[in-house]
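Here is a short note to help you find your way around. Please keep the viewer open while you read, and take the points one at a time.

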Amino acid sequence: MSLAKPAMRGLLAKRLRFHLPIAFALSLVAAAAFKYGVTEPRKKAYADFYKEYDAMKEFNAMREAGIFESVRPSGE
Amino acid sequence: MLLSRRGLAAFSSSSVKMASHGHGDVTEQGDMSVPMYWDRLDTPLPDKPYQDTLSDADKSLKQKEKGPWNHLSKEEKLALYRMTFKESFAEMKKPTGEWKTVVGGIFFFIGFTGLVVLWQRYYVYPPHPRTLDDEWKAKQVKRMLDMRMNPVEGFSAKWDYEKGQWK
């Protein structure tokens with residue numbers, strides 16, 4: 001029974017040759033998924049919010065609710 | 001059960017043998033000042049062969065072993081192997097099923113801990129602080145909405161201010 005001599009060298013290189021491109025590709029996919037899944041929708045949400053934002057209206061609503069200490073609701 | 005046997009064997013004086021053999025049988029105490037035999041995955045060639053005293057048939061087989069090995073039949077090769085080694089690697093690596101006991105024990109004790117925690121909830125914990133009352137929590141939510149906390153993507157974004165209800 002004569003078996004073939006096993007590979008003695010280059011084991012890490014062989015593993016890296018296989019795994020590095022995959023690792024690279026998966027990292028890129030993860031980054032792209034985060035960008036288009038999280039950051040782009042978030043930027044859009046903020047843009048949409050501030051497009052129609054009336055600061056004075058919001059301030060008056062908050063004032064009437066009575067949360068400020070420096071300016072009380074207009075009734076008092 | 002496997003665990004109780006191990007537990008008992010640990011107290012006996014053949015603890016070294018038990019630790020190195022794993023699931024092996026505990027035979028008579030060997031003299032540990034001379035080279036010993038043991039089945040271990042990280043010692044593929046133990047310090048001495050398994051069988052010390054060979055019968056005459058075994059001895060003649062050992063003589064035959066000194067010649068060319070093509071002359072040995074398959075049974076003779078196996079007999080020679082078993083003379084030198086007690087268990088093959090496959091036999092050594094055989095799964096024991098011990099994990100089932102371990103996992104079962106884990107679940108059991110987690111369950112027991114759950115019961116202890118439950119008892120604590122009723123007999124040990126002091127009464128709630130008032131900030132955890134439903135009325136207080138409702139007033140808290142109203143204040144958070146009035147302050148417009150996280151109005152873009154978070155808390156207040158989910159409240160419909162015109163209709164006065166959750167979106």
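**Notes for a first look**

1. Let us begin at a tryptophan: W166(B) has a relative accessible area of 44%, so W166(B) counts as partly exposed. Please keep in mind throughout that this is a predicted model. W166(B) will return below as one half of a ring pair with W159(B).

2. Next, the aromatic rings. Over all chains, a search of the whole structure gives 10 aromatic pairs. One of them joins Y50(A) and Y53(A), with 5.4 Å from centre to centre and 80 degrees between the planes, an edge-to-face arrangement. Both tyrosines are partly exposed: Y50(A) has a relative accessibility of 48%, and Y53(A) has 35%. In chain B, the ring centres of W159(B) and W166(B) lie 5.0 Å apart; because their planes stand at 85 degrees, this pair is edge-to-face as well.

3. The tyrosine pair has company. Which residues do ring pairs link into a cluster with Y50(A)? They are F49(A) and Y53(A), so that the cluster holds F49(A), Y50(A) and Y53(A).

4. Two arginines of chain B are worth a look beside their rings. R121(B) places its charged end over the ring of Y122(B), at 5.0 Å from the centre. R148(B) lies over the face of Y161(B), with 4.2 Å to the ring centre. Please remember R148(B), as this arginine appears again at the interface with chain A.

5. Now for the charged pairs. Side chains of opposite charge can pair when their charged atoms come close. How many salt bridges are there over all chains? The count comes to 14. In chain A, K43(A) and E40(A) form one of them, at 3.3 Å from N to O. The two residues share helix α1 (residues 11–51) of chain A and are 3 residues apart, about one turn of the helix. K43(A) is exposed at 52% relative accessible area, whereas E40(A) is partly exposed at 28%. K35(A) also belongs here, in a network of salt bridges with E40(A) and K43(A).

6. Chain B offers salt bridges to compare. D52(B) and K48(B) meet at 3.4 Å, N to O. Are these two buried, partly exposed or exposed? D52(B) is exposed, with 56% relative accessibility, while K48(B), with 23%, is partly exposed. E135(B) and K139(B) make a salt bridge at 4.0 Å, N to O. Both sit in helix α7 (residues 134–146) of chain B, 4 residues apart, about one turn of the helix. E135(B) and K139(B) are both exposed.

7. Finally, please look at where the chains meet. The contact involves 10 residues from chain A and 7 residues from chain B. Together the two chains bury about 810 Å², with 62% of this area on carbon and sulfur atoms. Which three residues supply more of the area that chain B buries against chain A than any other three? They are R148(B), V152(B) and E153(B), which supply 61% of that area.

8. The interface has charged and polar links too. Between chain B and chain A there are 2 salt bridges, and 2 residue pairs are in polar contact. One salt bridge brings R148(B) together with E58(A), at 2.9 Å from N to O. R148(B) thus makes a good place to end: this arginine lies over the face of Y161(B) and also forms a salt bridge with E58(A).

Methods
Residues numbered from 1 in each chain as written. Chains lettered and ligands numbered in written order. Predicted model: local features only at pLDDT ≥ 70, side-chain atom pairs only at ≥ 80, totals over all residues. Heavy atoms only, no water. Salt bridge = Lys/Arg side-chain N within 4 Å of Asp/Glu carboxyl O. Buried < 20%, exposed > 50% of the residue type's maximum accessible area, 1.4 Å probe, protein only. Phe/Tyr/Trp six-rings, centres within 6.5 Å; stacked < 30°, edge-to-face > 60°. Lys NZ or Arg CZ within 6 Å of the ring centre and 35° of its normal. Contact = heavy atoms within 4.5 Å. Buried area = accessible area lost by both parts, 1.4 Å probe. Polar contact = N/O pair within 3.5 Å; in protein donor to acceptor, adjacent residues only side chain to side chain.
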